[in-house]
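Here is a short, friendly briefing to read alongside the model. Please keep the structure open as you go.

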Amino acid sequence: MKNSVEVKNISFSYGKTEILNDLSLDIKEGEFMVLLGPSGCGKTTLLNCIAGLLDLTDGQIWIEDDNVTWKEPKDRYIGMVFQSYALYPSMTVEKNLSFGLRMMGTAKDLINEKIKKAANLLQINELLKRKPSQLSGGQRQRVAIGRALVRDAKVFLFDEPLSNLDAKLRAELRYEIKKLHRDLSNTMIYVTHDQIEAMTLADRISVMKDGLIQQLDTPKQIYNKPANLFVAGFIGSPSMNFLNAKFEKSNQNIIVGNKQIDISKYENINNVINDQEVVFGIRPENINIEKNENSIHCKVELVEPMGADTLVWTSVEGNPISIRLEGSSNFNLNDEINISFDINKSSIFDSKSEERI
Amino acid sequence: MSTIPKGPRPKHLTIGRIGLYCFIIMCALFFLMPLYVMIITSLKDMDEIRAANILNLPKELSFYAWPKAWSQACTGFVCEGLKPGFVNSVKITVPSVIVSVALSALNGYALAFWRFRGAYFFFGLCMFGAFIPYQVMVYPLLKIEDFLGIYSSLPGIILVHTIFGMPILTLIFRNFYASLPIDLFKAARIDGGNFIKIFFYVIIPMSTPITIVAVILQVTGIWNDFLLGLVFAGRDNQPMTVQLNNIVQVDYGVAEYNVDMSATILTSLVPLFVYFISGRWFVRGIAAGAIKG
Amino acid sequence: MPFYRNIAAKIALLPMIVISLTVFVGCIIYSFVYSLTNSKLVPVMNYVGFDQYERLFKQRKWDVAVENIFIYGFVFTIGCLIIGFLLAVLIDQKIRGESLFRTIFLYPYAMSFVVTGLVWKWVLNPTFGLENSMHMWGMTWFELDWLVNRDLAIYAVCIAAVWQGAGFVMVLMLAGLRGIDEDIWKSLSIEGVAKWKSYIFVILPMLRPMVVTAIVLIAAGVVKVYDLILALTSGGPGYATTTPAMYVMENFFSRANLGQAFAASIIMFISVVCILAPWAFYEFYLRNKYANN
């Protein structure tokens with residue numbers, strides 16, 4: 001499949017502060033790409049560079065086989081949705097939707113037709129005559145999405161569009177955006193720091209930190225096979241449990257303090273070197289409470305019932321460990337338990353490089 | 001058993017509270033006294049002014065001074081009162097306010113949204129200009145205007161007011177625009193607006209409050225100006241403040257204090273009117289001009 | 001980056017850039033260059049080194065002007081700050097008629113310096129003014145002859161200026177007081193700190209940025225003082241209330257002694273820079289730190 005957006009070795013800096021350095025990214029046609037990372041990782045900067053709202057210090061940006069590096073934002077076939085909605089406060093919803101088309105000098109009939117179509121799609125027909133100040137947050141964001149829709153953009157850019165909404169609305173609009181992508185199948189680039197949005201929406205996620213892409217892959221791969229410690233810790237809530245350990249090749253064990261864990265079932269066990277310092281990572285749901293020859297004995301230190309499931313906190317050799325169990329499970333403080341790890345679902349990282357082995 | 005308080009909490013007018021009111025009323029009287037004196041003096045005739053207490057209300061209202069101050073009082077050998085000064089002040093203030101506010105709004109917009117290298121250096125330079133004493137600039141500026149052929153003319157004084165109003169106005173517009181969500185500007189750019197279109201369609205419709213503040217600041221500032229009008233306006237365009245000073249500071253003849261006070265009131269009517277109708281906008285203007293953002 | 005990026009913004013800022021360079025920077029250079037000449041009626045390039053400055057510092061009149069500006073600056077600044085802060089605190093006590101009092105305290109600020117000067121000239125008139133009133137009320141010991149007293153005339157100027165400017169400081173301070181988090185007051189009252197102590201030891205330090213802004217703005221205005229004194233005392237009695245600004249204007253426009261005027265204006269400029277530089281550095285430094293966060 002051909003590429004819709006190509007980011008070629010771009011750099012960007014504010015004065016002396018370098019935000020992006022030699023970053024490249026290809027986004028396929030019709031793909032839903034999520035840029036995910038903590039604040040300050042450069043994801044919004046990258047999006048603004050793609051939109052042409054910031055001037056690159058180096059590199060090129062291509063959209064639909066067209067070098068747009070120095071083109072005005074309006075000439076890039078893009079539509080953009082902002083966190084703060086960015087609706088023009090002095091215009092009605094209708095005028096907001098049509099502003100871009102009016103700026104281009106589109107014929108009135110065509111404008112009306114397009115507005116009607118977008119309004120139907122987003123169920124904002126009743127709001128057309130209102131001012132933004134008379135709308136709720138969810139309605140505003142619908143209008144903002146509508147404004148991007150009417151432009152017939154080839155690429156949609158979303159800059160944390162749901163961050164200002166409450167949890168319920170967020171879920172609702174997330175669903176809408178997913179449906180929109182299903183129906184329109186445009187290329188979409190979506191910036192967020194919310195991993196649930198990223199996991200649910202993305203075809204591919206690019207996890208960013210310090211202006212660098214840490215991992216670029218499908219949500220599943222990123223969740224199950226995080227490329228490094230940062231990605232492993234950033235994705236998943238509660239986050240992955242980590243144990244510092246040393247590998248013993250002879251019996252294929254890792255040693256955590258006084259405890260030994262058999263990791264012979266780990267997929268890349270052959271790549272681990274004898275005596276290598278590693279970080280053993282296991283997700284809360286991949287820990288079972290059962291007694292077997294490989295299990296570890298410990299005590300329940302805290303129980304967090306969350307409805308659908310229950311989190312049980314314990315510790316292994318001083319490292320806090322969270323275990324995700326069914327909501328119906330019943331544990332009390334100081335219960336003695338035996339836990340075992342699903343080794344084939346675990347991740348092992350090199351302590352120094354922090355890369356997955 | 002404890003007693004349960006019933007009804008609203010009893011109100012105490014404590015001694016401190018009374019003292020507070022006494023003090024603030026005294027302050028208010030002090031601040032009002034000159035205005036009071038100004039008004040009653042303008043309503044007395046000269047005999048009463050000479051004979052009676054300056055703080056006493058007039059025994060008989062005399063309206064003789066007002067028309068005289070307006071149209072007959074003498075400055076030197078010309079006895080046309082303040083009227084020409086009023087007309088001149090209007091002729092100076094209206095275009096000066098329009099030009100300076102429009103230019104500064106454009107500056108503030110360009111600075112807040114269209115950042116480019118060096119823009120802020122010049123803005124800093126411009127702000128520095130706000131603090132340079134006029135006395136350092138009047139003579140060279142006079143030479144520049146002379147060179148341009150507009151010294152001692154309406155365009156000359158309008159240009160000067162535009163120049164000296166620019167730093168503070170640009171600052172308040174820039175601060176206002178910088179406080180708008182930048183996303184709005186980004187959205188407008190994606191929607192295809194260019195520099196001018198975004199300014200007219202998106203930014204200006206949102207600028208009403210800050211424009212009111214700027215206009216108030218400029219109207220009072222330019223109306224009250226004395227020095228620049230004196231130097232740059234030329235003999236035929238002298239603003240009201242200059243004429244007022246000329247009328248009051250006559251070296252010969254009998255001083256007519258009631259006429260002087262009428263003239264003084266007349267001169268401050270415009271800014272006072274602006275002040276009283278604009279109320280908290282005026283306050284906002286002061287705060288916006290003073291507090292750097 | 002292609003040069004045509006943001007070209008419209010660059011063009012829009014051109015007037016500001018040109019004005020900053022020619023007027024604000026150009027005029028200072030011009031004044032400085034000609035302050036090194038012995039120009040009289042017209043500027044001539046006749047280099048005499050720092051002669052004009054030497055002569056300036058030998059002038060008795062200049063000494064008086066400098067002394068006056070220090071007295072005026074000190075009394076006016078302190079007076080405005082204390083009275084302004086006090087009024088702001090009083091108004092902040094949830095008093096009745098708050099907006100009325102605020103209007104009363106601020107209205108003088110809407111008046112021009114010329115009007116302020118003329119009103120106070122009348123109020124302080126030694127024959128018909130307040131002194132006369134007091135005598136009529138039987139307080140014959142009361143003396144208020146400041147306007148004709150060489151040593152006290154400058155304080156009359158200060159009173160008029162404080163009357164005009166205190167409301168400005170009040171507005172700034174009140175904005176600051178209103179910006180203080182309610183929770184701070186709650187915790188102070190729970191800890192049982194007396195109100196006046198809270199104001200002095202907790203609230204005032206929190207208002208420091210506003211106090212600094214107020215001081216800088218007032219101080220920059222002090223150096224410029226001209227119209228007020230012209231209207232109130234015309235620099236008299238004798239030249240007892242003359243100021244550097246008046247000295248400059250006199251040498252420019254009535255004494256035809258341009259070289260002196262340029263030299264004096266440059267000294268004025270340098271003193272403003274001395275007031276401004278530490279503050280600008282502080283602001284600039286702080287803002288840089290802020291931007292990096």
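A disulfide is taken here as a pair of cysteine sulfur atoms within 2.5 Å. This is a predicted model, where local features need pLDDT of at least 70, side-chain atom pairs count only at pLDDT 80 or more, and totals for chains, interfaces and linings use all residues. Residues are numbered from 1 along each chain as its sequence is written, chains are lettered from A and ligands numbered from 1 in the order in which they are written, and side-chain values use heavy atoms, with hydrogens and water left out.

**Cysteines**
- Over all chains, the search of the whole structure finds zero disulfides.
- The sulfur of B:C126 lies 13 Å from the closest cysteine sulfur, that of C:C27, which is too far for a bond.
- B:C126 is buried (under 20% relative accessible area, with exposed over 50%, partly exposed in between, 1.4 Å probe, protein chains only), at 0% relative accessibility.
- A:C298 is also buried, with a relative accessible area of 7%.

**Helix α10 of chain C**
- Helix α10 (residues 195-206; a DSSP run of H or I, at least four residues, numbered from the N terminus) has C:S198, C:Y199 and C:I203 as its buried residues.
- Seen down the axis of α10(C), these buried residues fall within an arc of 95° (taken from the directions from the axis to the C-beta atoms), so they line one face of the helix.
- The buried residues of α10(C) pack against α4 (60-91), α8 (153-178) and α9 (182-190) of chain C, with contact meaning heavy atoms within 4.5 Å.

Technical notes:
Helices (H or I, at least four residues) and strands (E, at least two) are DSSP runs, numbered from the N terminus.
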